[in-house]
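Here's a quick briefing for anyone meeting this protein for the first time. Have a look at the sequence and the model, then read on.

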Amino acid sequence: MISRGERLRVFTGTAHPKLAHDICAHMGQPLGAASLQRFPDGEINLKIECDVRGADVFVVQPTCPPVHENLFELLSYADCLRRASADRITAVIPYYGYARKDRKDEGRVPINAKLVANLLVAAGYNRVVAIDLHAAQIQGFFDIPVDHLYARQVMIERVRQLGASSPIVVSPDVGGVKLARAYAKDLNCDLAIIDKRRISGEVTQIEHVIGEVKDRDVVLVDDMVSTGGSIVDAARIVKQKGANKVFIVATHAVLSGKAVEKLNSADVEKILFADTIPMPAAKIDKLEVVSIAQLLARAIDRIHRSESVSRLFEN
Ligand code: R5P
């Protein structure tokens, strides 16, 4: 007879072990023992060091940079666990890389968000837990269950404590309106939208601000900050339009290129990021990290017990 502790196993790749440890601490559960090393040529050398036969297994791994290293570790885990006779294998992907490549927006380009989904299923995953997917329809790329969690549930408490006066939530682009609207609804305040045009992966151009931000405290909300171009330009434009204080609230701190420098140069009061991705070593002034570990712990616990995950989001 195996105990609950042995029946439920949580493992981590090398992308974000602290998050996995924090999740396990909330669950009162030891992290599954595994050795994850590299062969001299860089290939992954994974070995599960505990019994997983018949177990309900969760592998925590955001596919943040280095994207392909982290993705392959996640794939390798599924292959390993399937061959070791785990009963059910769930990929817990707090940040789903390649999510922005979710459609053919021009000819002769791949849909890499779908390719990643295909790879995860082919490797052996039976279900997925994700947080703030860039586009909710990515769930449909999987023919296995996907539990899509919202960091807002945790972030909103901290946003309320920021003390924004006459707040208005601003989405830095049209694609982010759904997320921004949800924050505006929670804060019971107005919503404005920035009409942003993407020129390239690094360059964006702001066309208009739709809505009145003058004399308001602005809460800029986005699902991710990558190069920082969108959010920092958005902060500048709302200031130019007469906003008072500006707060940045984003789930995934991808922080590529010169993002840290850009954030440090932005005229903002506070930057709130969730810990779906580890923070960079370089210091970000005004940064505060909000942990989603407990949210993930509760979701894992509910999935394990076959209880409703939606209930986590009911007030
Ligand atoms: C865009 O659709 C996303 O929601 C983010 O606004 C964008 O990906 C952030 O990228 P960057 O920080 O490079 O402007």
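## A first stop: Asp-285

Let's start with one residue: Asp-285 is partly exposed, with a relative accessible area of 33%. Keep in mind that this is a predicted model. Asp-285 sits in the loop that runs between strand E13 (270-274) and strand E14 (287-290).

- Leaving aside residues up to four places away in sequence, Asp-285 touches Asn-264 and Ile-271.
- Asp-285 and Lys-270 are 15 residues apart in sequence, and their C-alpha atoms are 8.3 Å apart in space.

## The big picture

- Stepping back, the protein has 9 helices and 14 strands.
- Its radius of gyration is 20 Å, close to the 20 Å that the globule rule gives for 315 residues, so the protein is as compact as a globular protein of that length.
- The C-alpha trace spans about 65 × 45 × 35 Å along its principal axes.
- Of the 315 residues, 52% are buried.
- Take the contacts between residues at least 6 apart in sequence: 62% of them join residues at least 24 apart.
- The accessible surface comes to about 14700 Å², and carbon and sulfur atoms account for 48% of that.

## Charges and salt bridges

How many salt bridges does the structure hold? There are 23 of them, and a handful are worth a visit.

- On the charge side, the protein carries 41 positive and 39 negative side chains, with the centres of the two sets 2 Å apart.
- Asp-79 and Arg-83 form a salt bridge, with their closest N and O atoms 2.7 Å apart. Both residues belong to helix H3 (residues 67-83), where they are 4 residues apart, about one turn of the helix.
- In that pair, Asp-79 is partly exposed at 27% relative accessible area, while Arg-83 counts as exposed at 62%.
- Asp-102 and Arg-103 also meet through their side chains, in a salt bridge of 2.6 Å from N to O. Here Asp-102 is buried, with a relative accessible area of 11%, whereas Arg-103 is partly exposed at 48%.
- Asp-190 pairs with Arg-216, the closest N and O atoms being 3.2 Å apart. Asp-190 lies in strand E9 (residues 190-198) and Arg-216 in the loop between strand E10 (204-210) and strand E11 (217-225), so this salt bridge ties together parts that are 26 residues apart in sequence.
- Is Arg-216 buried or exposed? Arg-216 counts as buried, at 16% relative accessibility, and its partner Asp-190 is partly exposed at 42%.
- Arg-38, Glu-69 and Glu-73 are joined up in a network of salt bridges.

## Two helices and their neighbours

Next up are helices H5 and H6, which pack against each other through buried residues.

- H6 covers residues 177-187, and its buried residues are Val-177, Leu-179, Ala-180, Ala-182, Tyr-183, Ala-184 and Leu-187.
- What do the buried residues of H6 pack against? They meet helix H5 (152-161), strand E8 (167-171), E9, E11 and strand E12 (246-253).
- Just after H6 comes Asn-188, which takes a positive phi of about 55°.
- Over in H5, the buried residues include Met-155, Ile-156, Arg-158 and Val-159.
- Those buried residues of H5 pack against H6, E11, E12, E13 and E14. You've already met E13 and E14 above: the loop between them is home to Asp-285.
- H5 is followed by Gly-163, whose phi is positive too, near 75°.

## One last residue: Pro-66

- Where is Pro-66 found? Look in the loop between strand E4 (56-60) and H3.
- Pro-66 is partly exposed, with a relative accessible area of 47%.
- Pro-66 and Ile-237 are 171 residues apart along the chain, and their C-alpha atoms are separated by 32 Å.

Key. Residues numbered from 1 in each chain as written. Predicted model: local features only at pLDDT ≥ 70, side-chain atom pairs only at ≥ 80, totals over all residues. Heavy atoms only, no water. Helix = DSSP H or I, 4+ residues; strand = E, 2+ residues; numbered from the N terminus. Rg over C-alpha atoms; globule rule 2.2 N^0.38 Å. Buried < 20%, exposed > 50% of the residue type's maximum accessible area, 1.4 Å probe, protein only. Contact = heavy atoms within 4.5 Å. Areas by Shrake-Rupley, 256 points an atom, 1.4 Å probe, with all protein chains shown as cover. Lys, Arg positive; Asp, Glu negative; His and termini not counted. Charge placed at Lys NZ, Arg CZ, Asp CG, Glu CD. Salt bridge = Lys/Arg side-chain N within 4 Å of Asp/Glu carboxyl O.
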